[in-house]
Amino acid sequence: GELCLFPGNGRSPVSIAPIGGRVVVFHADTMLHEVRPSFRHRYSVNVWYYDAEERAGAQAEAKATGRIGGSGAAVTDDDDAAARRLLQLVLRGDCPAEPADIA
């Protein structure tokens, strides 16, 4: 699925196709965005940067609500463990061919 950014201020949305090797960098906390459905396997890596004050606020929110920001579902321990296993496989260069390989 493609990434769609909504820059606001009357500017048109920007759609970015998921092309292998592409890197997109933006401030997710200030840029309204959407990741559209994918109809093939795809992988993405997200990096969240927090300064000390933001980190403390995110930790407090996670403890109070079980999630950070947005209205999405909370990530379960099983989801977190599966994501960690996938990242380890990718970093080793041993990326799985099927989703069942990381379960």
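What percentage of the 103 residues of the chain count as buried? Keep that in mind as you open the model, which is a predicted one. The answer is 12%.

**The whole chain**

Start with everything shown as a cartoon. You should be able to pick out two helices and three strands. Trace the chain from its N terminus and the elements come in the order β-β-β-α-α. Now switch on the surface: the chain exposes about 8,700 Å², and carbon and sulfur atoms supply 55% of that area. If you like to look at contacts, take those between residues with a separation of 6 or more: 40% of them join residues 24 or more positions apart.

**The strands**

Next, select β1, residues 3–6. Add β2, residues 14–16, and you will see the two strands run antiparallel, joined by three bridges. Then add β3, residues 32–35. β1 pairs with β3 as well, again in the antiparallel sense, this time over four bridges.

A good residue to click on here is L3. On one side, L3 stands opposite I16 in β2. In β3, the bridge partner of L3 is V35. While you have the strands on screen, a general point may help you read them: in a regular strand the side chains alternate between the two faces of the sheet.

**The salt bridges**

Now for the charged side chains. How many salt bridges does a search of the whole structure find? There are two, and you can visit both by selecting E2, E34 and R36.

Show E2 and R36 as sticks first. Their closest N and O atoms are 2.7 Å apart, and the two residues form a salt bridge. E2 lies in the segment before β1, while R36 belongs to the loop between β3 and α1, so this pair ties together parts that are 34 residues apart in sequence. E2 is partly exposed, with a relative accessible area of 26%, and R36 is partly exposed too, at 27%.

Now add E34. The side chain of E34 meets that of R36 in the other salt bridge, at 3.4 Å from N to O. E34 is partly exposed, with a relative accessible area of 34%. Because the two salt bridges share a partner, E2, E34 and R36 are joined into one network.

**Along the loop**

Stay in the loop between β3 and α1 and select H41. Is H41 buried or exposed? At 51% relative accessibility, H41 counts as exposed. Then select G1 and draw a distance between the two C-alpha atoms: H41 and G1 are 40 residues apart along the chain, yet these atoms are separated by 9.5 Å.

**The helix α1**

Finish at α1, which covers residues 52–65. From its first C-alpha to its last, this helix of 14 residues reaches 20 Å, close to the 20 Å expected at 1.5 Å a residue.

Look at the two ends in turn. At the N-terminal end, select D51 and E53: D51 caps the helix, with a side-chain oxygen 3.1 Å from the backbone nitrogen of E53. Then move to the other end and click on G66. Just after α1, G66 takes a positive phi of about 85°.

Technical notes. Residues numbered from 1 in each chain as written. Predicted model: local features only at pLDDT ≥ 70, side-chain atom pairs only at ≥ 80, totals over all residues. Heavy atoms only, no water. Salt bridge = Lys/Arg side-chain N within 4 Å of Asp/Glu carboxyl O. Buried < 20%, exposed > 50% of the residue type's maximum accessible area, 1.4 Å probe, protein only. Expected span 1.5 Å × (residues − 1). Polar contact = N/O pair within 3.5 Å; in protein donor to acceptor, adjacent residues only side chain to side chain. Contact = heavy atoms within 4.5 Å. Areas by Shrake-Rupley, 256 points an atom, 1.4 Å probe, with all protein chains shown as cover. Pairing = 2+ DSSP bridges.
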